[in-house]
Amino acid sequence: MSAPTAQLPHHRNGLGIAYRTMAMVCVAGLTASVKWAGHRGIPVFELVFFRNAFAFLPLGLYIWRTTGFSVLKTQRPWGHLTRSVAGLVGMCCSFSAVQRLALTEATAFTFAAPLFMTALSALMLREAVGRHRWGAVLVGFAGVLIMVRPQPGHMNLTGVAFALTAAVGSALAMVQIRQISVTEKGATIVFYFTLAGTLLGLGVSLFDWVTPDPATLAALIFSGLIGGVGQLFLTEAIRVAPVGVVAPFDYTQLIWATILGYLVWGELPQPVTLAGAAVVAASGLYILHRELRRFGRTPA
């Protein structure tokens with residue numbers, strides 16, 4: 001899905017970094033919109049419905065202008081189903097976590113996903129994970145413990161549980177993507193996940209529908225549009241530049257989450273959260289470094 005680093009024009013690295021950074025701005029905006037709408041009484045599955053239904057607008061335009069709708073033909077329907085289940089578990093838990101934690105804190109816990117993915121790849125895909133990557137995983141989990149702050153009166157157990165489950169769901173989805181991306185294109189995978197999220201969100205929401213007021217409806221529509229645009233920026237970043245160049249910029253999401261958290265809710269990140277996030281991010285970057293050395297080229 002990505003060309004070797006040596007074959008990519010060097011000047012496009014800057015464009016890839018810009019795309020990846022814009023994707024993180026979009027993800028932070030999506031998370032803030034979901035938090036705001038949730039605080040105004042919108043249930044989680046209704047949030048999932050709007051986030052996916054309105055993402056079809058930018059996604060459909062992208063498919064029409066690039067691959068064409070023939071890309072929707074699939075050889076792996078059951079693979080898309082298992083990927084969608086894992087991803088939607090992660091999405092539902094992520095939306096639940098952000099209602100209970102500060103925006104910066106909920107974002108920091110998402111950095112644990114690559115750690116879980118490394119462990120799950122060894123268990124599910126029988127990938128060889130050497131001592132260096134296992135060591136990075138252990139250090140990363142120590143960073144998670146720093147963020148959790150396991151002292152009495154300093155831990156939101158429900159919020160942390162949702163956040164860590166969201167990270168596991170995201171990791172499971174990434175492992176599933178590794179399996180089906182051999183035959184499936186990125187646009188195909190994103191389309192069927194978005195379709196599954198729309199159907200699940202609508203189906204469950206019909207039993208607990210809350211009609212949003214105009215301001216909340218605008219925030220819900222915005223969450224879907226910006227979520228879809230963010231996904232396209234992610235796709236384009238990998239298309240124009242090596243993953244080793246652009247992936248470290250995923251951690252800029254913490255900057256945007258901190259800014260939005262302060263501007264909208266007056267939240268300031270705890271120093272211990274930032275310290276733990278730095279440890280987890282460093283572990284994730286080291287795992288990425290070992291992955292690149294192992295493959296000798298940019299992995300898909």
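This is a short tour of a predicted model, stop by stop, with residues to select along the way.

**Stop 1: the salt bridges**

Begin with charged side chains: the structure holds three salt bridges. Select Arg20 and Asp250, whose side chains meet with a distance of 2.5 Å, N to O. Arg20 belongs to helix H1 (residues 12–39) and Asp250 to the loop between H11 and H12, so this contact ties together parts that are 230 residues apart in sequence. Switch on a surface and compare the two partners. Arg20 is buried, at a relative accessible area of 10%, while Asp250 is partly exposed, at 23%.

Stay with H1 and move on to Lys35. What does Lys35 form a salt bridge with? The partner is Glu267, and the closest N and O atoms are 3.7 Å apart. Here too, distant parts of the chain are linked: Lys35 is in helix H1 and Glu267 in the loop between H12 and H13, 232 residues apart. Are Lys35 and Glu267 buried or exposed? Both are buried.

Keep Lys35 selected and add Trp265. The charged end of Lys35 sits over the ring of Trp265, 5.4 Å from the ring centre.

For the next bridge, select Asp213 and Arg40, where the closest N and O atoms are 3.1 Å apart. Asp213 is in the loop between helix H9 (186–205) and helix H10 (214–240), and Arg40 is in the loop between H1 and helix H2 (44–53), which puts these linked parts of the chain 173 residues apart. On the surface, Asp213 is partly exposed, with a relative accessible area of 32%. Arg40 also counts as partly exposed, at 42% relative accessibility.

**Stop 2: aromatic rings**

Now show the aromatic side chains. How many aromatic pairs does a search of the whole structure find? It finds nine.

Select Phe49 and Phe50 to look at one of them. The ring centres of Phe49 and Phe50 are 5.2 Å apart and the planes meet at 70 degrees, so the pair is edge-to-face. Both Phe49 and Phe50 are buried. Add Phe54 and Trp209 to the selection, and you have a cluster of four residues, Phe49, Phe50, Phe54 and Trp209, linked by ring pairs.

Next, select Phe111 and Tyr251. Phe111 is buried, and Tyr251 is buried as well. Their ring centres lie 4.8 Å apart with the planes at 80 degrees, so this pair is edge-to-face. Phe111 is in the loop between helix H5 (103–110) and helix H6 (113–124), and Tyr251 is in the loop between helix H11 (243–246) and H12, so the contact ties together parts that are 140 residues apart in sequence.

One more ring is worth a click: Trp64. Arg65 lies over its face, 5.9 Å from the ring centre.

**Stop 3: helices H5 and H6**

From Phe111, step back along the chain to H5. This helix is mostly covered, with seven of its eight residues buried. To see them, select Leu103, Thr104, Glu105, Ala106, Thr107, Ala108 and Phe109.

Then step forward to H6. Nine of the twelve residues of H6 are buried, so the helix is largely enclosed by the rest of the structure. Among the buried residues are Leu115, Phe116, Met117 and Leu120. If you like to check helix geometry, put a distance label on the C-alpha atoms at the two ends of H6. At 1.5 Å a residue, its twelve residues should span 16 Å, and the ends are 15 Å apart, which agrees. Just beyond, look at the backbone of Arg126, which follows H6 and has a positive phi, near 60 degrees.

**Stop 4: Ser170 and Leu88**

Select Ser170 in helix H8 (residues 157–180). Ser170 counts as partly exposed, at 31% relative accessibility. Now add Leu88: the two residues are 82 apart in sequence, with 8.6 Å between their C-alpha atoms.

**Stop 5: a nonpolar patch**

Finish on the surface. Which residues make the nonpolar surface patch of about 620 Å²? Select Ile255, Ile259, Tyr262, Leu263, Val264 and Leu268 to display it. Leu268 lies in the loop between helix H12 (253–265) and helix H13 (271–295). With 61% relative accessibility, Leu268 counts as exposed.

Definitions and conventions:
Residues are numbered from 1 along each chain as its sequence is written. Side-chain values use heavy atoms; hydrogens and water are left out. Patches are made of residues with over 30% relative accessible area and no salt bridge: like charges are joined within 9 Å, nonpolar side chains (Val, Leu, Ile, Met, Phe, Trp, Tyr) within 5 Å. Accessible areas come from the Shrake-Rupley method with a 1.4 Å probe; for residues, only the protein chains shown count as cover. A salt bridge is a side-chain nitrogen of Lys or Arg within 4 Å of a carboxyl oxygen of Asp or Glu. Helices (H or I, at least four residues) and strands (E, at least two) are DSSP runs, numbered from the N terminus. Buried means under 20% relative accessible area, exposed over 50%, partly exposed in between (1.4 Å probe, protein chains only). Rings of Phe, Tyr and Trp (its six-membered ring) pair if their centres lie within 6.5 Å; planes under 30 degrees apart count as stacked, over 60 as edge-to-face and the rest as tilted. A charge sits over a ring if NZ of Lys or CZ of Arg is within 6 Å of the ring centre and within 35 degrees of the ring normal. The expected span of a helix is 1.5 Å times one less than its number of residues.
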